[in-house]
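The following paragraphs are meant to be read alongside the coordinates, moving from charged side-chain contacts to some details of the backbone.

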Amino acid sequence: MHAYYADHFVLPLPDGHRFPMAKYRMLRDRIAQHLPDVLLKEALPASDEALVRVHSPQYIDAIAHGTLVPAAQREIGFPWSPAMAERARRSVGATLAATRAAWREGVAGNLAGGTHHSYADKGSGFCVFNDVAVAARQAQADHLNDGSGWPLQVAVIDLDVHQGNGTAHIFQGDDSVFTLSLHGARNFPFRKEPSDLDVELPDGCADDDYLHALDQALEALDHRCKPDLVFYLAGADPHVGDRLGRLAVTHDGLEARDRRVFDWAWQRRIPTVFVMAGGYGNDLEDTLQAQLTTWRVAWQYHQRWQNVRP
């Protein structure tokens, strides 16, 4: 199974910054140690041609040259640097590469990505470019260029604890992309955008209620959309130990969540691209454990696609 990373392009963050940048390299090390059959590959940067399928040329240029106004840079939450601009492109490039691999093999992933707070013309909430939106648009363009004769239908299953406001806004009114977001009702972003299906969860929501809500959401998705491709944002931040999550889902609950999503797609033979999205554990080991479990479950379903017993 193909896995794409860009963790060696490290953002230089000030001391005390709350974003756990080290988690990406730590996750790659864990995958190499515990899942040796996963093929780890360095991501290439996304091109302007790919980015402009979603983002405005002015915004792309401002990120490239560090000319965003201070308020816009603060909304992203990272100080600008050449490394920040390069890593943002590489993170999108990882999802683009994973999409091509998933189309061939059924399942592939990005060790980062899930930057769902990014809009077409601005970033927000630690998100610079919207990797899933760019990859969805690129997949649709590639599909049309192949002469397949019908528009590629895409579903975004966003299970980060924060609503995917940027993704929802980008695809509003677009019948070719169905956006589903299962998130904390009282959590960031405080101004939410309407997805095709939003499921809001109360603070303290635990395993049984969370999984029941997911089951209902997947059933609704099944009635409303017949996707050819799925993007799954497998956020670790619904975990009870996440400092930004406000929910109470256990590790067992997150594993059951992952199995439901991958099984839903497998039963329908829909290629699935998965990305890590958020994870801010009070103990970073909790985030890494949740993410490694997602990769283990994904690998098992990749084996099914290859007709190999996991």
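Glu42, Glu86 and Arg90 are joined to one another through a network of salt bridges, and this is a convenient place to enter what is a predicted model. Across the model, the count of salt bridges comes to 17, and those described next join parts of the chain that are distant from each other.

Consider Lys122 and Glu75, whose side chains meet in a salt bridge with an N to O distance of 3.2 Å. Lys122 lies in the loop between strand E3 (107-110) and helix H6 (131-145), while Glu75 belongs to helix H4 (residues 70-76), so that the pair links positions 47 residues apart. Lys122 counts as partly exposed because its relative accessibility is 30%, and Glu75, with a relative accessible area of 35%, is likewise partly exposed.

Asp203, in the loop between E6 and helix H8 (207-224), takes part in a salt bridge with Arg186 and in another with Arg246. In the pair with Arg186, the closest N and O atoms are 3.6 Å apart; Arg186 sits in the loop between strand E5 (177-184) and strand E6 (197-201), 17 residues from Asp203. In the pair with Arg246 the N to O distance is 2.7 Å, and here the partner comes from the loop between strand E7 (229-233) and helix H9 (251-267), 43 residues away from Asp203. As for accessibility, Arg186 counts as exposed because its value reaches 55%, where the cut-off for exposed is over 50%, whereas Asp203 at 32% is partly exposed and Arg246 at 36% is also partly exposed.

The backbone deserves attention in some of these loops as well. In the loop between E5 and E6, where Pro189 is found, a cis peptide bond joins Phe188 and Pro189, with omega at about -5°. The loop between E3 and H6, which holds Lys122, also contains Phe126, a residue that has a positive phi of about 70° although it is not a glycine. Phe126 is buried, since its relative accessible area is 15% and buried means under 20%.

Which residue in the loop between strand E8 (272-275) and helix H10 (284-305) should the reader look at? That residue is Ala277, whose phi is near 55°, again a positive value in a residue other than glycine. Ala277 is buried as well, because its relative accessible area is 8%.

Terms used:
Residues are numbered from 1 along each chain as its sequence is written. This is a predicted model: local features need pLDDT of at least 70, side-chain atom pairs count only at pLDDT 80 or more; totals for chains, interfaces and linings use all residues. Side-chain values use heavy atoms; hydrogens and water are left out. A salt bridge is a side-chain nitrogen of Lys or Arg within 4 Å of a carboxyl oxygen of Asp or Glu. Helices (H or I, at least four residues) and strands (E, at least two) are DSSP runs, numbered from the N terminus. Buried means under 20% relative accessible area, exposed over 50%, partly exposed in between (1.4 Å probe, protein chains only).
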